Amino acid sequence: MSMDRAQCLLMDQADPLAFVRERFRLPSGEIYLDGNSLGCLPKAVSARLTNAIEHEWGRGLIRSWNEAGWYRAPQRVGAKIARLIGVPAEDVIVSDSTSVNLFKVLTAALRLSKGRNKILGLVADFPTDTYIAQGVASWAGAELVRVRPDNLASAIDEGVSIVSLTHVNYRTGYRYDMASLTRAAHAKGAMIVWDLSHSAGAMDLQVAACDADFAVGCGYKYLNGGPGAPSYTYVAQRHQGGFEQPLQGWLGHTAPFDFADDYVAAPGINRVLSGTPPVLSLVALEAALTVFDDIDMTLVRAKSGQLSELFMLVADEVLSPFEFKIESPRNPSDRGAQVSLSHKHGYAVCQALIHHGVIGDFRAPDIVRFGLAPLTTRFVDVFDAVMVLRSVMEQRLWDRPEFQRRKAVT
Ligand SMILES: *Cc1c(COP(=O)(O)O)cnc(C)c1O
């Protein structure tokens with residue numbers, strides 16, 4: 001074999017990000033390759049949450065909105081995420097879920113681009129992105145047009161209000177070119193929103209330098225904010241004045257504590273807010289984000305490319321008898337931090353793998369997905385995981401009834 005375990009251990013020794021693993025509480029005896037679905041637990045979170053519960057909530061009660069900084073947490077956490085996605089600190093805010101924030105952005109975009117009535121998306125995008133666009137289109141009397149990726153640029157025409165794209169595809173890991181597609185949208189007078197759920201925290205991003213109009217994304221994947229962590233929204237400064245979204249709750253008001261009878265949108269990014277934020281979840285996300293404080297994201301990007309390259313190299317060598325197909329792009333610059341394999345028994349293979357200590361996930365109809373979160377995944381983990389997969393296949397361990405039964409969450 002061209003790559004052996006000892007070489008992987010040497011790669012870990014040479015890894016400039018190896019020290020970051022210490023900042024996480026990781027399950028022992030398991031290889032966790034699902035950080036693209038639910039990121040690992042940063043050690044800083046428990047103590048911070050305990051303090052928020054015991055001291056800020058238990059003791060401070062209502063005073064903590066001011067004194068513990070709860071009220072400004074959406075902006076403060078937004079500023080931390082802004083650095084990771086390459087935009088000004090004051091243009092990102094944390095609230096709600098990605099689904100809800102996408103709803104706000106798409107409705108606001110249709111308002112902003114008077115006379116344009118189309119949302120342009122992709123077929124086979126992440127379901128919630130499509131469903132939300134379908135809902136917005138039907139409520140706003142707009143049209144959702146969905147095309148295959150190859151036809152995307154040519155489908156942008158003068159009727160398109162906004163192009164809605166997920167930067168890294170959840171099934172294949174295909175990464176779209178943010179700069180060129182943003183240019184293509186602008187060339188036809190359309191806006192673009194990037195869903196960064198599978199990008200932020202796994203790579204360096206230059207959303208403002210690409211001149212993107214909007215971005216949204218998820219707090220619980222590579223940002224490690226915990227289950228159901230709130231989401232973030234970026235609105236380019238040039239659109240903030242005209243950003244009108246229908247979920248105009250009191251916290252997006254210019255003066256919430258005036259308790260005025262009529263809504264007047266806050267200036268700037270605050271108008272994205274609707275209601276009261278989930279403070280404990282925000283506090284957990286804020287603590288989780290401290291793992292990135294001193295991290296050069298270009299190193300994170302480089303490592304994700306090396307991890308996925310290693311995965312494919314070893315998979316090519318040892319999995320050839322077992323009818324897997326690598327569904328992720330071979331070119332590292334076209335790929336996020338994941339490797340996806342299709343297999344006709346994919347679900348059972350994934351369950352057998354989990355049973356043997358390699359945690360990936362399954363995406364219908366046939367994708368076994370391995371997220372290679374660069375801060376927590378070692379090269380030796382990738383090597384070992386592929387070896388466990390080989391032994392699951394060699395011994396047909398997947399072919400057992402308990403691995404065929406579908407659970408509610410795959
Ligand atoms: C994970 C993910 C979401 C999640 O949306 P929620 O509203 O948090 O459930 C949305 N879009 C994409 C592309 C995702 O990967």
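**Figure 1. Helix H13, checked end to end.** At 1.5 Å a residue, the 16 residues of helix H13 (residues 379-394) ought to span 22 Å, and the end C-alpha atoms sit 23 Å apart, which agrees. Keep in mind for this and every other panel that the model is predicted. H13 has 13 of its 16 residues buried, so the helix is largely enclosed by the rest of the structure. Just past the helix comes Arg396, where phi turns positive, near 50°. When picking out faces on a helix like this, one rule of thumb helps: an α-helix has 3.6 residues a turn, so residues three or four places apart point the same way.

**Figure 2. The ligand and its shell.** Which residues come nearest to the ligand? Of the 13 around the ligand, the answer is Ser99, Asp129, Asp195, Tyr220 and Lys221. Some polar contacts are worth zooming in on. Ser99 has a side-chain N or O atom 2.6 Å from an oxygen atom of the ligand. For Tyr220, a side-chain N or O atom is 2.8 Å from a ligand oxygen atom. Asp129 brings a polar side-chain atom to 2.8 Å from a nitrogen atom of the ligand. On its own the ligand would expose 390 Å², and the protein buries 87% of that. As for who makes up the shell, the split is 3 nonpolar, 7 polar and 3 charged residues. Helix H5 (98-112) supplies at least two of the shell residues, and helix H6 (127-140) also supplies at least two.

**Figure 3. The four-stranded sheet, seen as a whole.** Here the view takes in an open sheet of 4 strands, in the order E11-E12-E15-E14, with antiparallel pairing. Strand E11 (325-326) and E14 are the edge strands, each with a single partner strand, so one side of each has no neighbour in the sheet. Going across the sheet, E11 and E12 run antiparallel and are joined by 2 bridges. Next, 5 bridges tie strand E12 (residues 338-342) to E15, again antiparallel. Finally, strand E14 (residues 361-363) meets E15 through 3 bridges, and this pair is antiparallel too.

**Figure 4. Strand E15 and its partners.** Are the residues of E15 buried or exposed? Strand E15 (residues 367-371) is mostly covered, with 5 of its 5 residues buried. That goes for both faces: Ile367, Arg369 and Gly371 are buried on one side, and Val368 and Phe370 are buried on the other. Several E15 residues can be matched with partners across the sheet. Gly371 is the bridge partner of Gln338, while Ile367 stands opposite Ser342. Arg369, for its part, has Asp361 opposite. E14 and E15 form a hairpin, with 3 residues between the two strands.

**Figure 5. Strand E12, up close.** What about the residues of E12, how many are buried? The count is 5 of 5, so E12 is largely enclosed by the rest of the structure. Gln338, Ser340 and Ser342 point one way from the strand, Val339 and Leu341 point the other way, and all are buried. Towards the edge strand E11, Leu341 is the E12 residue that Ile326 stands opposite.

**Figure 6. His253 in its loop.** This view moves to the loop between helix H9 (237-240) and helix H10 (279-289), where His253 lies. His253 has a relative accessible area of 11%. Buried means under 20%, so His253 counts as buried. What does the His253 side chain reach? That side chain gets to the backbone nitrogen of Ala255, at 2.8 Å.

**Figure 7. Ala212, tucked into another loop.** Ala212 lies in the loop between strand E8 (191-195) and strand E9 (214-217). With a relative accessible area of 1%, Ala212 is buried. Include Ala179 in the frame as well: Ala212 and Ala179 are 33 residues apart in sequence, yet their C-alpha atoms are 8.1 Å apart in space.

Terms used:
Residues are numbered from 1 along each chain as its sequence is written. This is a predicted model: local features need pLDDT of at least 70, side-chain atom pairs count only at pLDDT 80 or more; totals for chains, interfaces and linings use all residues. Side-chain values use heavy atoms; hydrogens and water are left out. A residue is near a molecule or strand if one of its heavy atoms lies within 4 Å of it. A polar contact is a pair of N or O atoms within 3.5 Å; within protein, one must be able to donate a hydrogen and the other to accept it, and residues adjacent in sequence count only if both atoms are side-chain atoms. Accessible areas come from the Shrake-Rupley method with a 1.4 Å probe; for residues, only the protein chains shown count as cover. Ala, Val, Leu, Ile, Met, Phe, Trp, Tyr, Cys and Pro count as nonpolar, Asp, Glu, Lys and Arg as charged, and the others, Gly among them, as polar. Buried means under 20% relative accessible area, exposed over 50%, partly exposed in between (1.4 Å probe, protein chains only). Two strands pair if DSSP finds at least two bridges between them. The expected span of a helix is 1.5 Å times one less than its number of residues.
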